[in-house]
Structure formats: structure tokens, C-alpha cells
Amino acid sequence: MGVAHTHAWRTAPRFFPMTRTPEVALLVGRDEARTREAAARLQIAEIETDWRRAVEREDIDIVDICTPGNTHAEIALAALAAGKHVLCEKPLANSVSEAEAMTAAAQKAAVHGVRSFCGFSYRRTPALALAKRFVEEGRLGDIRHVRAQYLQDWLSDADAPLNWRLDKDKAGSGALGDIGAHSVDAAQWVCGQQIEGVSAMMHTFVESRPVAGTAEGLGGSAAAGAERGPVTVDDAAAFTARFSGGAIGVFESTRFALGRRNANRLEINGSLGSIAFDFERMNQLEYFDGRDDQAAQGFRTIQVTDAVHPYTDHWWPVGHGLGYGDLFVHQVADVVAALESDASPRPDFSDALTVQRVLHAVEASAGDGSRYTPVDQTAELRAGN
């Protein structure tokens, strides 16, 4: 994420109009040697090994948090207190109580013009943004069904080594928070409805993994004869959901769907039409219009690359398509535009808090025999939960 965000901060001003140009001034990492190597590769002039020094610096305007979830709250709270704008990767925190504290601090800081936003980058996919536009325009009518899947396979090898994403103390949860959070946010955002309750199950297929090995992408290969350590997060999660507007939803997230590299899917069925999206074909949106003549009905494939589509008028000629890294460029463009107009960018911490509360309800339901569990989107979470 550090590489993706650095690329975006530098690229956005080259494609999107800005009155002020962001400068990536400082890279913070725990290991000095590795941080220096990364800074040299990314051409960042300065480094620190303590994030507190970055927060204290007067020349830093924005703190961009790309760390594991167990550090989000402490860094964000300190940065907001110091008057820094904050961009924080998702999920916002490892617990609802942390997310609530971050949201309260963000709302307090906003009174003084300090802004905060959460990195649900898939909102910036042109096809998903077009899907939201279709819902807002009434093309789908009343929303009835929501189906969301996020399927990856990088943990399918039972001997892939342990990393921080498999440690609940650092990551908060496994597939649920890592990728399921994206599905929850996208579904609520596109539909314009909140999830009110869930019935869930979660499962860990491989309960121990080698503690030593070679990292390869998200996964890797184990060292010969390596000691094994416990996996303390879910490998997969599935839940049904009820939405505030009456829709019902089915959600699935897994890192064990062999052959599915990054199948982030969303299908929405309404009274007038349907949309279907799969990030493995990220430049396309499938759209069905139930008002078409029956003899000509069928899903049509929209190539979301024309100048009339979200974000795409700033990029390449029609039909040339975008990629994963471009979503972060859109994110920076939206963040800077909000700061230039002194507006509250979205998704902000309060938006991310709604996702955190859904994740909490999913875990609570899965731990209680899949009992239907309401999502409390308004009251403070009781102590200890």
C-alpha cells in the first residue's frame, strides 16, 4: 500500500487539475535499513523510524496511514490532535471502540478544518461509480437483492508462511476485515442503504502455518522444516444481511478460492433493472434494463472508458482501460479536491465506522451459532465488546 499510495500522490496532479501539488516528503518505517532502501527506490528524500516524529513536524500536512490495523488508532488520533489531515487504510481499526474513538476525534478536528478519510479504494473504480450513478438515477428501481463476493486464493497452499495478516492482534480479522470490508462498503455505498442485521459463519481451514519462509506477493513459500505457528484469524466468512431499505444480501469473502486471484464481485437486482460487476474485468459493467422490449432483453456489457463515465475523462482515449493502481490516483484526486474546497471527503471516518460495526456484528453472529445479529449503527458500543 505504501508503494500504491506514493505512486498515486505523485501521479494524480499529472492527470487531474489541482491548485496545489502534493509532495511525498517523508517515509516512515520501523526498520531503518529497509526504510532507507524503500525511500531510495521510491525517491523519497527523508525517512523516520518513529511515526511520532512525522506527526510532530510542522511541514507535514497529511499523514497517510498504510500500516497494519493495530496501529491505525494511535497514529490517527495523534495526527488529528496535531492538526494533520489523515488518510487511513481500511478497515479503519481493529475494533468498533477504536473506530468510534477515531471518528469522534475526526469530527472534533473537522470543526477546525482538519479532514479525515478512509481508503476504500474500490469506490474509485469507474464501473462501480457508474453503478452507483445508475442506482441514484432510479434505473434499477427498488433494490431487492445484493450479492457480494470477494474471492482470492493466495492462502490456498497450507504451507504458505505466517504473516501479520494471519495474526488477529495485528490484523483484527482475516478475510472478513481484509477483503470483506471492501464488499460491505461497496454494497452500502452503491445501494445507498445500511446493513441492519446479519447471520454469519466464519471458518479457518488451516490452523497453523510455517513461521519462516520467503514472501511472494501476499503469500510465499515456507522454509524447509520451519516451525509452525497458530493462525488466529478467519480464512473465510459468509453471511446474509438485511438492508435498511428492505433489500436482502448475501456476502462471501475468502482467500481460499483456488483460481480466483481478485474476484471482487457485486450484483444488485432491483424492480426495474440489475447491475453486475467483477473487478477481474474492472473496466466493464453488466447492466440489465427490465424496461427493454422482452424480445431484446439481456445483460449488456458497458465498457466504462468513455469521457461520460466517472474519472475516465482525465485518462486515455476511449477503450484503453484503467488498472488497479489508478484507483489510488482517483482517491488522491478526490482527497485533494475536497481539501481545496474545504469539504468533507468521502468515505470519511464515520462511513468507515459503519463498516466496522457490520464486521463486529458478523463476528458476533458467527460466534453465536449464526444467530441473526442486529448491527448497531447509532449507539456507542458497550464496554468490552
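**Notebook: buried charges, rings and cavities**

I began with Asp351, which counts as buried because its relative accessibility is 11% (buried means under 20% relative accessible area, exposed over 50%, and partly exposed in between, with a 1.4 Å probe and protein chains only). The model is predicted, so I kept in mind that local features need pLDDT of at least 70 and side-chain atom pairs pLDDT 80 or more, whereas totals for chains, interfaces and linings use all residues. Residues are numbered from 1 along each chain as its sequence is written, and side-chain values use heavy atoms, with hydrogens and water left out.

**Entry 1: salt bridges**

I asked next which residue Asp351 pairs with in a salt bridge. The partner is Arg346, and the closest N and O atoms of the two residues are 2.6 Å apart (a salt bridge is a side-chain nitrogen of Lys or Arg within 4 Å of a carboxyl oxygen of Asp or Glu). When I looked up the total for the whole structure, I found 26 salt bridges.

I then turned to Arg124, which forms a salt bridge with Asp334, with 3.0 Å between the closest N and O atoms. Arg124 is in the loop between strand 5 and helix 6 while Asp334 is in helix 9, so this pair ties together parts that are 210 residues apart in sequence (helices, H or I of at least four residues, and strands, E of at least two, are DSSP runs numbered from the N terminus). I noted that Arg124 counts as buried because its relative accessibility is 5%, whereas Asp334, with a relative accessible area of 26%, is partly exposed.

Another pair I looked up joins the side chains of Arg165 and Asp178 in a salt bridge at 3.0 Å, N to O. Asp178 belongs to helix 8 (residues 175–191) and Arg165 to the loop between strand 6 (143–151) and helix 7 (168–171), so the parts tied together are 13 residues apart in sequence. Asp178 is itself buried, its relative accessible area being 12%. Both residues also belong to a network of salt bridges that links Lys90, Arg165, Asp178 and Arg255.

**Entry 2: helices 6 and 1**

How many of the residues of helix 6 are buried? For helix 6 (residues 126–136) I found nine of eleven buried, so that the helix is mostly covered. Among the buried residues are Pro126, Leu128, Leu130, Phe134 and Val135, and I noticed that Lys132 is listed with them. After helix 6 comes Gly138, which has a positive phi near 85 degrees.

In helix 1 I looked up Thr6, which at 7% relative accessibility counts as buried.

**Entry 3: aromatic rings**

I counted 15 aromatic pairs (rings of Phe, Tyr and Trp, the last by its six-membered ring, pair if their centres lie within 6.5 Å; planes under 30 degrees apart count as stacked, over 60 as edge-to-face and the rest as tilted). The rings of Phe16 and Trp315 have centres 6.2 Å apart and planes at 75 degrees, so I entered this pair as edge-to-face. Phe16 lies in the loop between helix 1 (2–15) and strand 1 (26–28), and Trp315 in the loop between strand 17 (300–303) and helix 9, so the pair ties together parts that are 299 residues apart in sequence. Phe16 and Trp315 are both buried.

Phe243 and Phe251, by contrast, make a stacked pair, with 6.3 Å from centre to centre and 25 degrees between the planes. These two residues, Phe243 and Phe251, are buried as well. I also found a cluster in which ring pairs link Tyr122, Tyr150, Phe277, Phe279, Tyr324 and Phe328.

**Entry 4: cavities**

Where does Trp315 appear again? Trp315 is one of the residues lining the largest cavity, together with Val304, Thr305, Thr312, Trp316, Pro317, His320, Gly321 and Leu322 (on a 1 Å grid over the protein atoms alone, a cavity is a set of points where a 1.4 Å probe fits but cannot get out, and lining residues have an atom within 4 Å of a point). This lining divides into five nonpolar, four polar and no charged residues.

Arg124 and Asp334, which I had met as a salt bridge, both help to line the second largest cavity, as does Arg346. Strand 5 (116–119) and helix 9 (324–340) are the elements that give two or more residues to this lining, and the largest share, three residues, comes from helix 9.

Note on methods. 1 Å grid on protein atoms, 1.4 Å probe; cavity = no way out; pocket = protein on both sides within 12 Å on 5 of 7 lines; lining within 4 Å. Nonpolar A, V, L, I, M, F, W, Y, C, P; charged D, E, K, R; others polar.
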